[in-house]
Amino acid sequence: MIIFQNVTKTYADNNVVALQDATFHIQKGEFVFIVGPSGAGKSTITKLMTCEELPDSGSIRVGEFNISKMAKQQIPYLRRSMGIIFQDFRLLPNKTVYENVSFAMEVIGASKKAIRRRVPDVLSMVNLTSKARSYPHQLSGGEQQRVGIARALANTPHLIIADEPTGNLDNETAWEIMSILDHINKQGTTVVMVTHAQNIVDDMQKRVISIEDGLVKSDQQGGYSYVTSI
Ligand SMILES: Nc1ncnc2c1ncn2[C@@H]1O[C@H](COP(=O)(O)OP(=O)(O)OP(=O)(O)O)[C@@H](O)[C@H]1O
Ligand SMILES: [Mg+2]
């Protein structure tokens, strides 16, 4: 599903080497946490996966896309193949919950019929049916993030990429989000999640890739015991 092979990324404006010779493979259907200290290079990894940034060297494959060699015109197709969840939700403030989700389908040219069928399904999946007509400012943080998840799922992606999706939520709400992501994963969707939440990583017992100073420090199954704080 995802291959990072000897990937190095330097930000040109400040010469920061954000990722250095990183190699890891993620199989279809896996649930993978990416952890590490602030500034380690975690978000850089997610931005390389979504082609928001390009690597200096090495190769990156995501699904059928060879990102390192991809033409710019391919980027929208790559993004359509994945669902992206953000720490700060990034909902459209002037659209209702329903419209935030349906808009994600409209922009890729889904038919009205497909939208009418799919949106209620994904809203029910994240338990937001009753909030379909609400606007983002009328929702709690956890509800807003559930809209973010519904939107990410709207186009039935095989891959979900989430950069600190629980970063702005309290512990209980964070667990609600985790249980939804776990459920999605159990249905076959690959999930890659960046997080600082040690308790979540420890309890979920999934594969954990830890990044430090742009290097892959460890890559292990079944959680991660932290020596230093993350
Ligand atoms: N657009 C950018 N331009 C220049 N430098 C950047 C840019 N984005 C990130 N960096 C630098 O690259 C390094 C890795 O940043 P990255 O955002 O990947 O860290 P992170 O592990 O996600 O950290 P955090 O946990 O704080 O979100 C940092 O030193 C950061 O300052
Ligand atoms: Mg980050």
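Around ligand 1 in this predicted model there are 15 residues, and Ser38, Gly39, Lys42, Ser43 and Thr44 come nearest. Let us look at who touches what. Ser38 brings a polar side-chain atom to 2.6 Å from an oxygen atom of ligand 1. Lys42 also uses its side chain, with a polar atom 2.7 Å from an oxygen atom of the ligand. Gly41 takes part through its backbone, where a polar atom is 3.0 Å from an oxygen atom of ligand 1. On its own, ligand 1 has 640 Å² of accessible area, and the protein covers 69% of that. Two elements, β2 (16–26) and α1, each give two or more residues to the shell around the ligand. The largest share, three residues, comes from α1.

**Salt bridges**

Now for charged side chains. Side chains of opposite charge can pair when their charged atoms come close. How many salt bridges does the structure hold? There are seven, and the table shows three pairs among them.

| Positive residue | Negative residue | Closest N to O distance |
|---|---|---|
| Lys9 | Glu53 | 3.3 Å |
| Lys206 | Asp182 | 3.1 Å |
| Arg207 | Asp219 | 2.8 Å |

Take the pair of Glu53 and Lys9, whose closest N and O atoms are 3.3 Å apart. Glu53 sits in the loop between α1 (42–49) and β4 (57–62), while Lys9 belongs to strand β1 (residues 2–11), so this salt bridge ties together parts that are 44 residues apart in sequence. Are the two partners buried or exposed? Glu53 counts as partly exposed, at 22% relative accessibility, whereas Lys9 is buried, with a relative accessible area of 8%.

Next come Lys206 and Asp182, with 3.1 Å between their closest N and O atoms. This pair links distant parts of the chain: Lys206 is in the loop between α7 (198–204) and β9 (207–212), and Asp182 is in helix α6 (residues 171–186), 24 residues apart. Both Lys206 and Asp182 are buried.

The third pair joins two strands. Arg207 and Asp219 meet in a salt bridge, 2.8 Å from N to O. Arg207 is in strand β9 and Asp219 in strand β10 (residues 215–220), 12 residues apart. Arg207 counts as buried at 8% relative accessibility, while Asp219 is partly exposed, with a relative accessible area of 36%. These two do not stand alone: Glu30, Arg207 and Asp219 are linked in a network of salt bridges.

**A charge without a partner**

Which side chain of opposite charge is nearest to Arg118, and how far away is it? The residue in question is Asp121, 5.0 Å away. Arg118, found in helix α4 (residues 112–125), is buried yet has no salt bridge. The cut-off explains this: a salt bridge needs a side-chain nitrogen of Lys or Arg within 4 Å of a carboxyl oxygen of Asp or Glu. What does Arg118 touch instead, beyond its neighbours within four places in sequence? Its contacts there are Met105, Met125, Leu153, Ala154 and Thr156.

**A tryptophan on helix α6**

Helix α6, which holds Asp182, is also home to Trp175. At 26% relative accessibility, Trp175 counts as partly exposed. Leaving aside neighbours within four places in sequence, Trp175 is in contact with Asn199, Ile200, Asp203 and Met204. Look at Ile200 in particular: Trp175 and Ile200 are 25 residues apart in sequence, and their C-alpha atoms are 7.8 Å apart in space.

**Two unusual backbone angles**

Finally, look at the backbone. Most residues other than glycine have a negative phi. Asn15 has a positive phi of about 60° although it is not a glycine. Asn15 lies in the loop between β1 and β2 and counts as exposed, at 60% relative accessibility.

Cys51 is another non-glycine residue with a positive phi, here about 70°. Where is Cys51 found? Cys51 lies in the loop between α1 and β4, the loop that also holds Glu53. Unlike the exposed Asn15, Cys51 is buried, with a relative accessible area of 8%.

Technical notes: Residues are numbered from 1 along each chain as its sequence is written. Chains are lettered from A and ligands numbered from 1 in the order in which they are written. This is a predicted model: local features need pLDDT of at least 70, side-chain atom pairs count only at pLDDT 80 or more; totals for chains, interfaces and linings use all residues. Side-chain values use heavy atoms; hydrogens and water are left out. Helices (H or I, at least four residues) and strands (E, at least two) are DSSP runs, numbered from the N terminus. Buried means under 20% relative accessible area, exposed over 50%, partly exposed in between (1.4 Å probe, protein chains only). Lys and Arg count as positive and Asp and Glu as negative; His and the chain ends are not counted. Contact means heavy atoms within 4.5 Å. A residue is near a molecule or strand if one of its heavy atoms lies within 4 Å of it. A polar contact is a pair of N or O atoms within 3.5 Å; within protein, one must be able to donate a hydrogen and the other to accept it, and residues adjacent in sequence count only if both atoms are side-chain atoms. Accessible areas come from the Shrake-Rupley method with a 1.4 Å probe; for residues, only the protein chains shown count as cover.
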